[in-house]
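Reader: Could you take me through the metal site in this one, slowly, and then show me what sits around it? I'd like the residues by name.

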Amino acid sequence: MLSGRAPRVNGERLWSRLMAMAKIGATAQGGCNRQALTDADWEGRALLASWAHAAGCTTRVDSVGNLFVHRPGREDTLPVVMTGSHLDTQPTGGKFDGVYGVIAGLEVIDSLKDLEITTEHPIEVVVWCNEEGCRFPQPMMGSAVWAGRTPLESAYALADPAGKSVRQELERLDVPTGAPVLRQSVKAALEVHIEQGPVLERCRKTIGIVTGVQHMSRHELIIEGQEAHAGPTPMEMRRDPIRVLAELLPAFYAAAHKRAPDARLTIGIIETSPGSPNTVPGRLRVIVDLRHPLVVEYRSLREEIDRLVAESLQRQGLKGSIRCVWEAPGVEFDAECIAAVRQAAAALQLNAMDIVSGAGHDSVNVAAVAPTTMIFVPCAGGLSHNEAESALPSDLEAGANMLLHAVMALAGAAA
Ligand SMILES: [Zn+2]
């Protein structure tokens with residue numbers, strides 16, 4: 001154990017680096033435009049690499065453009081403890097989304113150096129290529145290739161609106177292409193990120209201990225009725241699909257409520273056809289969006305929704321169906337990584353709460369192949385993917401201190 005005051009990062013250095021990075025691709029509205037594989041993206045990476053080299057680290061870029069900063073461990077062949085995020089932004093992005101996770105990772109390395117602390121395992125700070133997926137249309141591209149979830153050739157073939165491919169842009173930026181992306185073995189992976197939602201701020205918490213990313217899916221409900229005149233047709237003689245909907249709505253909300261507070265049920269689309277005020281609809285189409293962080297609850301919610309639909313159709317004697325039209329599997333993060341984060345919050349006496357990510361992150365891909373978790377800090381008004389995105393220096397410093405402690409525990413630190 002380390003004696004004396006718990007180690008801390010240098011909050012001023014963290015903030016000044018965030019502000020220095022924000023100058024690259026700065027927009028008039030105070031945001032950033034540093035889209036993947038542009039000159040600005042590469043300028044940002046060069047700045048990061050200069051800081052990494054000054055801290056005694058080596059850097060390498062793989063053939064899909066992921067950048068790794070390596071700080072040797074006492075046993076440098078052991079699996080790495082990985083941290084990082086992305087430096088690319090939306091066209092009208094903010095200063096913190098992704099960037100914070102990368103610069104906080106480097107801050108951990110610089111702080112360990114300042115404190116003369118070595119670790120048993122090597123530490124790597126990763127900059128994933130094309131997380132945003134706005135210029136080249138696949139979010140979390142680099143981490144998906146690294147994790148073996150997307151073939152390298154399909155990533156290379158992605159093209160921007162001007163027709164330039166990922167492969168062409170990598171070659172333009174002097175990244176050797178073609179070699180297989182080799183995945184180093186990873187003991188644990190941690191990503192710090194702004195929350196991009198309002199929960200931490202509303203609950204007045206400094207730290208979100210991210211236990212997972214929601215499972216999510218969309219379902220199309222179709223109910224067939226019979227078009228009929230709204231005046232002469234007696235109620236009991238109608239084949240009205242809205243009767244089914246009238247039964248389903250309270251039952252759907254009850255099903256979500258049974259799984260409160262984590263279940264999410266959203267009915268964003270209700271369409272009747274022909275859509276006339278004095279005609280009983282001949283057809284009803286409803287889109288239901290379902291989300292839950294726990295796979296068991298998520299599945300049981302989906303089953304209950306399906307069953308409610310079948311029962312109501314039968315009761316009303318109408319034909320119809322519900323089918324899943326889109327699904328994004330969620331992630332439950334690694335228990336040991338989460339425990340390391342909890343201990344860090346306790347050691348630093350920070351105000352923390354468990355939270356589930358509503359957005360996708362590179363960590364979802366990393367979690368498929370390595371023990372992984374994330375740490376969130378609040379952002380003002382929950383605003384992100386916006387030039388006005390903002391976060392408090394004190395919260396950003398607290399998140400980096402969390403990362404320092406968790407990395408030290410997982411990498412085996414010794415002063
Ligand atoms: Zn991000």
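Author: Here is a walk through the zinc site, followed by the cavities and one strand pairing. Keep in mind that this is a predicted model.

Let's start with the metal. The zinc ion takes its protein donors from three residues: H86 through NE2, D97 through OD and H193 through NE2. They lie 2.0 to 2.3 Å from the ion. Along the chain, the spacing of these donor residues reads H-x10-D-x95-H. H86 and D97 both belong to the loop between β3 (80-85) and α3 (99-114), so this pair ties together parts that are 11 residues apart in sequence.

How open are those two to the outside? With the cut-off for buried set at under 20% relative accessible area, H86 counts as buried at 0%. D97 is buried too, with a relative accessible area of 5%.

Now for the empty space. Searching the whole structure turns up two cavities of 30 Å³ or more. I'd look at the second largest one here, because D97, a zinc donor, is also one of its lining residues. Its volume is about 30 Å³, and D97 shares the lining with T89, Q90, G93, G94, E132 and H385. By class, that lining has five polar residues, two charged ones and no nonpolar ones.

The largest cavity has a volume of about 60 Å³. Around it you'll find M82, T83, G84, V126, W128, A189, L190, E191, D362, S363, V366 and T372. Three elements each give two or more residues to this lining: β3, β6 (186-194) and α11 (362-366). So what is the mix of classes there? Six of the lining residues are nonpolar, four polar and two charged.

One last stop is strand β15, which covers residues 352-357. In a regular strand, side chains alternate between the two faces of the sheet. In β15, M353, I355 and S357 make up the covered face, while A352, D354 and V356 are on the uncovered one. β15 pairs with strand β7 (residues 207-213) in the parallel sense, over six bridges. Within that pairing, I209 has D354 of β15 as its bridge partner, and D354 is one of the residues on the uncovered face.

Notes. Residues are numbered from 1 along each chain as its sequence is written. This is a predicted model: local features need pLDDT of at least 70, side-chain atom pairs count only at pLDDT 80 or more; totals for chains, interfaces and linings use all residues. Side-chain values use heavy atoms; hydrogens and water are left out. Donors are N, O and S atoms within 2.8 Å of the metal (3.2 Å for Na, K and Ca); water is not among the atoms, so sites may look incomplete. Helices (H or I, at least four residues) and strands (E, at least two) are DSSP runs, numbered from the N terminus. Buried means under 20% relative accessible area, exposed over 50%, partly exposed in between (1.4 Å probe, protein chains only). On a 1 Å grid over the protein atoms alone, a cavity is a set of points where a 1.4 Å probe fits but cannot get out, and a pocket is an open set with protein on both sides within 12 Å along at least five of seven lines; lining residues have an atom within 4 Å of a point. Grid points are joined across faces, edges and corners, and a volume is the space filled by probe spheres set on the points. Ala, Val, Leu, Ile, Met, Phe, Trp, Tyr, Cys and Pro count as nonpolar, Asp, Glu, Lys and Arg as charged, and the others, Gly among them, as polar. Two strands pair if DSSP finds at least two bridges between them.
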